[in-house]
Amino acid sequence: MSAGEGFFYFFAFLTLIFGALVVYNPFSRNPVTSAMFLVLTILSLAGLFVLLNAFFLAAIQVLVYAGAVIVLFLFVIMLLDIKAEERRKIRVVGAVAGFVAVAAIAWMIVGRLIWGTRPGSGLPAPTVIGSTSELGTILFQKFLLPFEILSLLLLVAMVGVILLSKKDLK
Amino acid sequence: MIKVGLEHYLTVSALLFCLGLFGVIARRNLLVIYMCLELMLNAANLAFVAFSRFNNELNGQVMVFFIVTVAAAEVAVGLALIVALYRKRQTAHVEDLTSMKL
């Protein structure tokens, strides 16, 4: 096993463990703990992105998700004072039924779809590298119009957030 | 042992997606449900990057860039909605927000 493969198993294991701890943490039902484990999940996903040679996206992942989005989450959690929620019980029947359904979906996707058809077999050796300059070239030439539409979307989201957070919401 | 390839990354992505899906189904706190949605979006991102790498295409990575941006906008709007909801009803728990149920 080469070093890259070792790193893959390491980061994949961490990603799944931390992701599971976001969903269900046996020691704490506090949303702050979930948010912290979401940070760790995103950081280990960034590690997987680096292994896939997507360096720009790994940096974006850390900056935008672990930076901006999680800070927003924590800010809202602190603002709302969610402490009272911790005492509630999880409905066991619903959780078990949901787990069975999701496990069935996971088995269908992983067992049948991915390992049944093996989409990666017979592909040439990967050479593509997601460096900033290559991604920027393709982003500002081929995808210029979607990029501009996206900036409009961000403007709309900003205006919407300001409107929604006004005190007297009509 | 098989060499690490596209299937391995897709497996991680699918499992992460299913974790997020389970969280959306099982958890009852709006904020945690939102975090699980983020998990699902990240799982899709991982699948995009893996396909982009193994098909020698950069278009998938541009798609991930767009998804990250849309997800950030979505989180901002969604959290503003949760705050507005909390101001009106003093709860962020889905079982208390059933006034639209028939």
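Me: How many residues of chain A are in contact with chain B, and how many on the other side?
Reply: Start with the headcount on each side. In this predicted model, 84 residues of chain A are in contact with 73 residues of chain B.

Me: And how much area is buried between the two chains, and what share comes from carbon and sulfur atoms?
Reply: The thing to look at is the area together with the kind of atom that gives it. Here about 7300 Å² is buried between chain A and chain B, with carbon and sulfur atoms giving 76% of that. On the chain A side, A:Val23, A:Leu52 and A:Phe73 lose the most area to chain B, and together they make up 10% of what that side buries.

Me: What about polar links across the interface: how many residue pairs are in polar contact, and how many salt bridges are there?
Reply: Go through the two counts in turn. Nine residue pairs are in polar contact across the interface, both partners having pLDDT 80 or more. The salt bridge count between chain A and chain B is one.

Me: Which elements of chain A give two or more residues to that side?
Reply: Helices H1 (3–23), H2 (31–51), H3 (55–80), H4 (92–117), H5 (132–141) and H6 (144–164) of chain A each do. H3(A) brings the largest share, 13 residues. Sort the chain A side by residue type and you get 61 nonpolar, twelve polar and eleven charged.

Me: Back to salt bridges, then. Which side chains meet in the one between the chains?
Reply: For a salt bridge, check who the partners are, then where each one sits. This one pairs A:Arg118 with B:Glu7, at 3.1 Å from N to O. B:Glu7 belongs to helix H1 (residues 6–26) of chain B while A:Arg118 is in the loop between H4 and H5 of chain A, so the pair joins two chains.

Me: Are those two partners buried or exposed?
Reply: Here you need the cut-off: under 20% relative accessible area is buried, over 50% is exposed, and partly exposed is in between. B:Glu7 comes out at 3%, so it is buried. A:Arg118 has 30%, so it is partly exposed.

Me: How many salt bridges does the structure hold over all chains?
Reply: Two, over all chains. Besides the A:Arg118 and B:Glu7 pair, the side chains of B:Glu95 and B:Arg28 meet at 3.4 Å, N to O. This pair links distant parts of the chain: B:Glu95 is in the segment after H3 of chain B, B:Arg28 is in the loop between H1 and H2 of chain B, and they are 67 residues apart. B:Glu95 is partly exposed at 32% relative accessibility, and B:Arg28 is partly exposed too, at 22%.

Me: Say I pick one residue, B:Asn42. Where does it lie, and what is it in contact with?
Reply: A handy routine is to take the element, then the burial, then the partners. B:Asn42 lies in helix H2 of chain B. Its relative accessibility is 1%, so B:Asn42 counts as buried. Leaving out neighbours within four places in sequence, B:Asn42 is in contact with A:Ile42, A:Leu45, A:Gln61 and A:Tyr65.

Me: Which residues other than glycine have a positive phi?
Reply: The background is that most residues other than glycine have a negative phi. Two asparagines to look at are A:Asn53, with phi near 65 degrees, and B:Asn56, with phi about 55 degrees. A:Asn53 lies in the loop between H2 and H3 of chain A, and counts as buried at 18% relative accessibility. B:Asn56 is in the loop between helix H2 (30–54) and helix H3 (59–89) of chain B, and at 30% it counts as partly exposed.

Me: Let's finish with chain A as a whole. How many helices and strands does it have?
Reply: Six helices and zero strands, so to read the order from the N terminus you just get α-α-α-α-α-α.

Me: Is chain A compact or spread out?
Reply: Compare the radius of gyration with what the globule rule gives. For chain A the radius is 21 Å, well over the 15 Å that the rule gives for 170 residues, so chain A is more spread out than a compact globule. The C-alpha trace spans about 55 × 40 × 30 Å along its principal axes. Of the 170 residues, 35% count as buried. As for contacts within chain A with a separation of 6 or more, 63% are between residues 24 or more positions apart.

How values were computed
Residues are numbered from 1 along each chain as its sequence is written. Chains are lettered from A and ligands numbered from 1 in the order in which they are written. This is a predicted model: local features need pLDDT of at least 70, side-chain atom pairs count only at pLDDT 80 or more; totals for chains, interfaces and linings use all residues. Side-chain values use heavy atoms; hydrogens and water are left out. Contact means heavy atoms within 4.5 Å. Buried area is the accessible area (1.4 Å probe) that two parts lose on being put together, summed over both. A salt bridge is a side-chain nitrogen of Lys or Arg within 4 Å of a carboxyl oxygen of Asp or Glu. A polar contact is a pair of N or O atoms within 3.5 Å; within protein, one must be able to donate a hydrogen and the other to accept it, and residues adjacent in sequence count only if both atoms are side-chain atoms. Helices (H or I, at least four residues) and strands (E, at least two) are DSSP runs, numbered from the N terminus. Ala, Val, Leu, Ile, Met, Phe, Trp, Tyr, Cys and Pro count as nonpolar, Asp, Glu, Lys and Arg as charged, and the others, Gly among them, as polar. Buried means under 20% relative accessible area, exposed over 50%, partly exposed in between (1.4 Å probe, protein chains only). The radius of gyration is taken over C-alpha atoms; the globule rule is 2.2 Å times the number of residues to the power 0.38.
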